[in-house]
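This briefing introduces one chain to a reader who has not met it before. Please look over the sequence and the structure before turning to the points below.

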Amino acid sequence: MNMRRLCPLLLAFTGLASSAIAAENGTMSAIKEAARAQANAKMAEKFNLPTAAPAGAKVYIISPAKDATVTSPVTVVFGLSGLGVAPAGTQVANTGHHHLLIDDPTVDLTVPLPTSEQVVHFGAGQTEASVKLKPGKHTLQLVFGDWKHQAFNPTLASEKITITVK
Ligand SMILES: [Cu+2]
């Protein structure tokens with residue numbers, strides 16, 4: 001075969017082979033990266049390592065207003081700025097989910113939040129809730145949690161508001 005014809009073919013083949021190797025290296029580093037992320041997630045879970053809150057992030061109650069008189073069920077609208085909402089269990093940087101603390105339960109913010117009538121998780125990524133409350137005064141506070149239901153560091157919590165249910 002004429003070398004002038006062969007050379008471009010060889011060059012084309014070499015080019016294909018090296019891009020296949022590059023793709024393989026890319027796949028390997030993606031696998032290594034995923035394995036590293038998974039190991040880090042396991043350690044974070046095992047030792048309850050808090051997730052760092054992005055600077056300037058804020059959690060607040062949009063509604064009801066502070067000191068409002070309302071009827072049950074109360075629609076509570078969650079406010080968030082500086083980070084996003086993701087379903088629980090989904091580890092994506094700068095995301096988490098809301099928790100509503102009703103009537104000031106005692107919670108340990110250094111471990112994942114428990115689930116109770118007073119500590120309600122919104123692990124599907126909800127940004128509002130309809131809450132049934134008995135007549136009388138109640139307090140509401142939001143605590144934003146990471147993928148493993150743990151408060152961020154520093155804690156991202158709303159102001160604790162008092163409302164009156166008629
Ligand atoms: Cu949670």
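Two strands are said to pair if DSSP finds at least two bridges between them. In this predicted model, β1 and β3 meet that condition with five bridges and pair in the antiparallel sense.

**Overall make-up**
- The chain contains one helix and nine strands.
- Read from the N terminus, the order of elements is α-β-β-β-β-β-β-β-β-β.
- Among the 166 residues of the chain, 18% count as buried.
- Of the contacts with a separation of 6 or more, 66% are between residues 24 or more positions apart.

**Strand pairing around β3**
- On the β1 side, glycine 79 in β3 stands opposite tyrosine 60.
- Strand β3 is also joined to β7 (residues 128-131) by four bridges, and these two strands run antiparallel.
- Within that second pairing, serine 130 in β7 is the bridge partner of threonine 75.

**The largest nonpolar core**
- In soluble globular proteins, nonpolar side chains tend to be buried together.
- The largest nonpolar core here has 18 residues, and Leu142, Val143 and Phe144 have the most contacts inside it.
- Two or more residues of this core come from each of β1 (58-63), β3 (74-81), β5 (95-102) and β8 (136-145).
- The greatest contribution is that of β8, which gives four residues.

**Contacts of phenylalanine 144**
- Apart from neighbours within four places in sequence, phenylalanine 144 is in contact with Val59, Leu80, Gly96, His98, Phe152 and Leu156.

Terms used:
Residues are numbered from 1 along each chain as its sequence is written. This is a predicted model: local features need pLDDT of at least 70, side-chain atom pairs count only at pLDDT 80 or more; totals for chains, interfaces and linings use all residues. A nonpolar core is a set of buried Ala, Val, Leu, Ile, Met, Phe, Trp, Tyr and Cys residues joined through C-beta atoms within 7 Å. A residue is buried if 20 or more other C-beta atoms lie within 10 Å of its own, exposed if 12 or fewer, and partly exposed in between; C-beta atoms are placed from the backbone. Two residues are in contact if their C-beta atoms, placed from the backbone, lie within 7 Å.
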